[in-house]
Amino acid sequence: MKTLKFLGTAGARFVMLKQLRASGGMWLRWENTNILIDPGPGSLVRCLNSRPKLEPSKLDGIILTHRHLDHSGDINVMIEAMTEGGFKKRGIVFAPGDCLEDDPVILKYNRNFVDKIEILEENKTYKVKDVTFKTAKKHIHGVQTYGLNFKEGNEILLSLLTDTKYFTNLAKEYPGKVLVINVVRYEAKENLEHLDIKGVEKILSQAECKTCILTHFGMTMLKNRPHEIAEKLNHQFKDKKIIAAYDGMSFDIEKGE
Ligand SMILES: [Zn+2]
């Protein structure tokens, strides 16, 4: 079984700070491997309050796509929870280099609690237990930011297109059957390095995915109702299924529902 559970669908500052949507990141269960991706503020609480409960001590890895707080706020407490307070060394943490250098978001004292810390770089393949994933090209997002492609054999089943400003050929970087897109803005705003619906439309017109899940919503997305936006996109792109994620949503990657 391969499932992606949304412990939060908040994007950027205000939706996170007001907790209009939760900001716990995503829990990926891939057969017997468990990976937490982008544990923003409240991730620990969201894991423990999930039904069925998600047990952090069963995690095999934690991935940060980048250091912004809505993606990393709970990273330290999740490292402690994964390693049972640091007493059971386990797990791999994957993060871009700037999460560990000056002003690190991963505190030094708990780095020894985990088996390994691996630095994410563009176009590199990584492994956690039975899961293989590859980073895409570096995003345009102010800090070091990498999206992820999860593989089964030579096929990419799941692509996670994290925060970025739109760039040419962005869709080509994410060829997964299931494509998750972080779409913060409804309309573009200058100087904001985030995707908006026009960018999503450009991606969908080129992407190979069968299912696309929109998540990581900012204020303007919430005001325009993500499920209504998804409905419109479904009329526009009839060969794909487009879903707006909600807090607590669990998605079966193989079934596509
Ligand atoms: Zn960001």
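Trainee: What makes you say that helix H7 (residues 226-236) lies across S12 and S13?
Mentor: Contact and direction: contact means heavy atoms within 4.5 Å, and H7 runs at about 175 degrees to S13. Axes are lines fitted to C-alpha atoms, for helices over the stretch in contact, with angles from 0 to 180 degrees between N-to-C directions. Do keep in mind that this is a predicted model, where local features need pLDDT of at least 70, side-chain atom pairs count only at pLDDT 80 or more, and totals for chains, interfaces and linings use all residues. Residues are numbered from 1 along each chain as its sequence is written, and side-chain values use heavy atoms, leaving out hydrogens and water.

Trainee: Which strands does helix H5 (residues 197-206) lie across?
Mentor: H5 lies across S10 (155-161), S11 (178-182), S12 (211-215) and S13, at about 165 degrees to S11. The names are DSSP runs, numbered from the N terminus: helices are H or I with at least four residues, strands E with at least two.

Trainee: What makes S7 (125-128) and S13 (241-244) edge strands?
Mentor: Each pairs on one side only. The open sheet of seven strands goes S7-S8-S9-S10-S11-S12-S13, with mixed pairing, and the twist averages 20 degrees from one strand to the next.

Trainee: Why do S7 and S8 (residues 131-135) count as paired?
Mentor: Two strands pair if DSSP finds at least two bridges between them. S7 and S8 have four, running antiparallel, so they meet that cut-off. Lys127 stands opposite Thr132 in S8. Further along, five bridges join S9 to S10, also running antiparallel, and Asn149 has Ser159 in S10 as its bridge partner. The S9-S10 hairpin has two residues between the strands, and Gly153 takes a positive phi near 60 degrees there.

Trainee: Why is helix H4 (residues 75-82) called mostly covered?
Mentor: Six of its eight residues are buried, where buried means under 20% relative accessible area, exposed over 50%, and partly exposed in between (1.4 Å probe, protein chains only). The buried ones are Ile75, Asn76, Met78, Ile79, Ala81 and Met82. They pack against S3 (33-37), H2 (43-49), S4 (61-63), H3 (69-72) and S5 (92-96).

Trainee: Why is Glu84 called partly exposed?
Mentor: Because its relative accessibility is 38%, Glu84 counts as partly exposed. Glu84 sits in the loop between H4 and S5, and just after H4 it takes a positive phi of about 50 degrees.

Trainee: How do you know that Asp98 has no salt bridge?
Mentor: A salt bridge needs a side-chain nitrogen of Lys or Arg within 4 Å of a carboxyl oxygen of Asp or Glu. Lys and Arg count as positive and Asp and Glu as negative, while His and the chain ends are not counted. For buried Asp98, the nearest side chain of opposite charge is Arg67, 5.2 Å away, so the cut-off isn't met.

Trainee: What lies 3.0 Å from a polar atom of the Asp98 side chain?
Mentor: The backbone nitrogen of Gln144. Asp98 also touches Arg67 and Val143, not counting residues up to four places away in sequence.

Trainee: What makes S3 mostly covered?
Mentor: Five of its five residues are buried. Thr33, Ile35 and Ile37 point one way, Asn34 and Leu36 the other. That fits the general pattern: in a regular strand the side chains alternate between the two faces of the sheet. S3 pairs with S2 (residues 23-30) in the antiparallel sense over five bridges, and with S4 in the parallel sense over three.

Conventions
Polar contact = N/O pair within 3.5 Å; in protein donor to acceptor, adjacent residues only side chain to side chain.
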